[in-house]
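Subject: Structure handover

Hello,

Here is the structure you will be taking over. Please have it open while you read; my notes on it follow below.

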Amino acid sequence: MSRQLRLFTFAAPMRFYALTGALLPWLWVVTIALSLAALYVGFFVAPTDATQGDAYRIIFIHVPAAWISMVLYIAMAFWAAIGWAFHTRLASMLARAIAPTGALFTFLALWTGSFWGKPTWGTWWVWDARLTSYFILLLLYLGFLALVSAIDDVKRADRAGALLAIVGAVNVPIIYFSVKWWNTLHQGMSVGSGGPKMAPSMLTAMLLMTFACWAYAFAVVFMRARAIVLERERETEWVGELAGRDDTGAAARLGVAA
């Protein structure tokens, strides 16, 4: 019984709302601190690449965004599946909260990749396996958002979104292994099983930015999830109590009666 309590303590929307509210300030502090450190190391400490010159420095944004966008899709599909299979409200809320952030990171990776590709490859875009499968990832995110928004019934929308997310998850390993399975213009992994293929300061900057992006992702997903919780739980007693407090403007903005 105690183990179940530890595992599911924060599965209740009310407890999740309280926990994430306490975590959010720290997540923003970590995001800002790590972002500044990553930018300093990446642009002022890391050496100029012998082949690509300073144009390579865009990888300190491009690569973390690409990594995180793929992991966020798996997380979205996972929570959507959990919500569908076990009818857990919070899981479906998390899936919806993750989707816009995943789409943002996917777009950021595509955009920075184009800016990196022009001086490196001589072209903004090519329809090779890696870029095409990654563009499909953006379409899957946007499709999920459009689908759940188009259906008025929340439960039906969650089920439809879960089905799309689960089917689309097959695209993530295709993205990851595309440079191995097909002959693509996109370069292979900079950090792989054989160890990093870059200077230590370059790797440090990339990892710092990756952690900064993760902190940002958690922060904005939690903020969006809290808003969804308040909207869906607005008829409950605990949200009604929040509406009467000065520090819960979000509940008041959602029109929750005290």
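**The nonpolar patch**

With five residues, helix H2 (residues 13-45) is the element that gives the most to the nonpolar patch. The patch lies on the surface and consists of Leu-39, Tyr-40, Phe-43, Phe-44, Val-45 and Ile-61. Taken together, these residues have about 590 Å² of accessible area. Tyr-40, one of the members, has its place in helix H2. Please keep in mind throughout that this is a predicted model.

**Overall picture**

The protein has 258 residues, and 43% of them count as buried. Its secondary structure comes to 10 helices and two strands. Along the sequence the order is α-α-α-α-α-α-α-β-β-α-α-α, with the two strands written next to each other in that pattern.

About 14,000 Å² of the protein is exposed, and carbon and sulfur atoms supply 68% of that area. As for contacts between residues at least 6 apart in sequence, 71% join residues at least 24 apart.

**A buried phenylalanine**

One example of residues far apart in sequence being brought together is Phe-60 with Met-209: they are 149 residues apart along the chain, and their C-alpha atoms are separated by 6.6 Å. Phe-60 is found in helix H3 (residues 59-86). Is Phe-60 buried or exposed? Its relative accessibility is 2%, so Phe-60 counts as buried.

Leaving aside residues up to four places away in sequence, Phe-60 touches Gly-42, Ala-46, Met-202, Ala-205, Met-206 and Met-209.

**Salt bridges**

How many salt bridges does a search of the whole structure find? The search finds two.

In one of them, Arg-96 is paired with Asp-158, and the closest N and O atoms are 3.0 Å apart. Arg-96 belongs to helix H4 (residues 89-121) and Asp-158 to helix H6 (residues 154-168), so this salt bridge ties together parts that are 62 residues apart in sequence. Arg-96 counts as buried, at 19% relative accessibility. Asp-158 is buried as well, with a relative accessible area of 14%.

The other salt bridge is made by the side chains of Arg-232 and Asp-158, at 3.0 Å from N to O. Because Arg-232 lies in helix H8 (residues 200-232) and Asp-158 in helix H6, this pair ties together parts that are 74 residues apart in sequence. Arg-232 is partly exposed, its relative accessible area being 26%. Through shared partners, the salt bridges join Arg-96, Asp-158 and Arg-232 into one network.

**Aromatic residues**

There are 10 aromatic pairs in the structure. Tyr-176 and Phe-177 make up one of them: the ring centres are 4.9 Å apart and the planes stand at 85 degrees, so the pair is edge-to-face. Tyr-176 counts as partly exposed at 39% relative accessibility, and Phe-177 counts as partly exposed at 29%.

Trp-214 and Phe-218 form an aromatic pair of the tilted kind, with 6.1 Å from centre to centre and 40 degrees between the planes. Where do these two residues sit relative to each other in helix H8? Trp-214 and Phe-218 are four residues apart in that helix, so about one helical turn separates them. Trp-214 is partly exposed, with 23% relative accessibility. Phe-218 is also in the partly exposed class, at 42%.

The rings of this pair belong to a wider group, since one aromatic cluster is formed by Phe-16, Trp-214, Phe-218 and Phe-222. 

**A charge over a ring**

Which residue lies over the face of Tyr-17? Arg-226 does, at 3.8 Å from the ring centre.

Regards

Notes
Residues are numbered from 1 along each chain as its sequence is written. This is a predicted model: local features need pLDDT of at least 70, side-chain atom pairs count only at pLDDT 80 or more; totals for chains, interfaces and linings use all residues. Side-chain values use heavy atoms; hydrogens and water are left out. A salt bridge is a side-chain nitrogen of Lys or Arg within 4 Å of a carboxyl oxygen of Asp or Glu. Buried means under 20% relative accessible area, exposed over 50%, partly exposed in between (1.4 Å probe, protein chains only). Contact means heavy atoms within 4.5 Å. Accessible areas come from the Shrake-Rupley method with a 1.4 Å probe; for residues, only the protein chains shown count as cover. Rings of Phe, Tyr and Trp (its six-membered ring) pair if their centres lie within 6.5 Å; planes under 30 degrees apart count as stacked, over 60 as edge-to-face and the rest as tilted. A charge sits over a ring if NZ of Lys or CZ of Arg is within 6 Å of the ring centre and within 35 degrees of the ring normal. Patches are made of residues with over 30% relative accessible area and no salt bridge: like charges are joined within 9 Å, nonpolar side chains (Val, Leu, Ile, Met, Phe, Trp, Tyr) within 5 Å.
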